[in-house]
Amino acid sequence: MRFKLTLQIQPEVMGRELPINYQYPLQGVIYHTLEKSDLAFSTWLHENGYQQNGKRFKLFTFSNLIVPQYGIDKQRERLIVKSDFVTLYITFLPERSTQQFIQGLFQQQTFQVSDYISGIQFMVREIQVMPSLDYHPDMVFRTLSPVCISLRNERGHMDYLSPTDPRYELGILTGLLDRYNTIHGHPFSGTPHCHLQLLNEPKSALVRIKAGTPNETRVRGYRYQFKLDLPEELLHIAYESGLGEKGSMGFGMIG
């Protein structure tokens, strides 16, 4: 189940400058919002079967902020938001009680997205429930946040694969089959297949996590338009929880 959040900027509080690498602080806001009502969060996960042995499965993802008017200060690594409203999409694979739970937590919330240099205070002005995906052959998708697929190389480091890499489709399929097993408690019983057809040139996006700190790491994803041939059950998982890896960090949301 996915939601469209309309966020109003409150520039009188902090200004209009976000760090370019805002995904990590935005993830922190979402985590904090979900977990501030711990009992409700645990109940919601339990009702949907996504809490086992105390482990909470992170079957959600969120988009990049959609900013109608902006500027970029490359030297200071700032995103200058000139619009008064921006849009954020967030999607959860759990269905049961999700609308009431999410709307109850986020409605009229005020939160800040910032680093040690600057940030913006937002207020959630509207939450819309988006319609479910109407599945049919030859659907055209686009990435709403970069898709990350990685493999560990012989040196023990991570190689982030381009969508043009012949191993990319297997990486997508493996991740979706793992999630299917987690959700249903058994392996996928159909015939698994994955075929991705690119419709434009993929654009690389290097995202710095905990930017400017000793714990900084870098994750590479790609943005592109595409057609995706998957079994319907697996496509549902991709659409509602993200494509590829690191969905709960804001990677892999598709529309």
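**Close-ups of a predicted model**

Arg-208 has a relative accessible area of 15%, so it counts as buried (under 20%; exposed is over 50%, partly exposed lies in between, with a 1.4 Å probe and protein chains only). This is a predicted model, where local features need pLDDT of at least 70 and side-chain atom pairs count only at pLDDT 80 or more, while totals for chains, interfaces and linings use all residues. Residues are numbered from 1 along each chain as its sequence is written, and side-chain values use heavy atoms, leaving out hydrogens and water.

**View 1. Arg-208 and its charged partners.** The side chain of Arg-208 meets that of Glu-216 in a salt bridge, 3.0 Å from N to O. To count as a salt bridge, a side-chain nitrogen of Lys or Arg must lie within 4 Å of a carboxyl oxygen of Asp or Glu. Glu-216 is partly exposed because its relative accessible area is 24%. Zoom out a little: a network of salt bridges links Glu-77, Arg-208, Glu-216 and Arg-218.

**View 2. A salt bridge between distant parts of the chain.** Here Glu-17 and Arg-76 pair up through their side chains, at 2.8 Å from N to O. They sit 59 residues apart, with Glu-17 in strand E2 (residues 17-19) and Arg-76 in the loop between E6 and strand E7 (78-81). Strands (E, at least two residues) and helices (H or I, at least four) are DSSP runs, numbered from the N terminus. Glu-17 is partly exposed at 23% relative accessibility, and Arg-76 is also partly exposed, at 36%.

**View 3. The open sheet.** Five strands line up in the order E5-E8-E1-E10-E9, with antiparallel pairing; two strands pair if DSSP finds at least two bridges between them. At the edges are E5 (60-62) and E9 (110-114), each pairing on one side only. E9 and E10 (residues 119-129) share five bridges, and Val-113 has Ile-120 in E10 as its bridge partner. Helix H2 (residues 23-35) packs on the sheet, touching E5, E8 (85-92) and E9, where touching means heavy atoms within 4.5 Å.

**View 4. A nonpolar patch on the surface.** Ile-20, Tyr-70 and Ile-72 together offer about 290 Å² of accessible area, worked out by the Shrake-Rupley method with a 1.4 Å probe, with only the protein chains shown counting as cover for residues. Patch members have over 30% relative accessible area and no salt bridge; nonpolar side chains (Val, Leu, Ile, Met, Phe, Trp, Tyr) are joined within 5 Å, and like charges within 9 Å. Ile-72, in strand E6 (residues 70-73), counts as exposed at 52% relative accessibility.

Note on methods:
Axes are lines fitted to C-alpha atoms, for helices over the stretch in contact, and angles run from 0 to 180 degrees between N-to-C directions.
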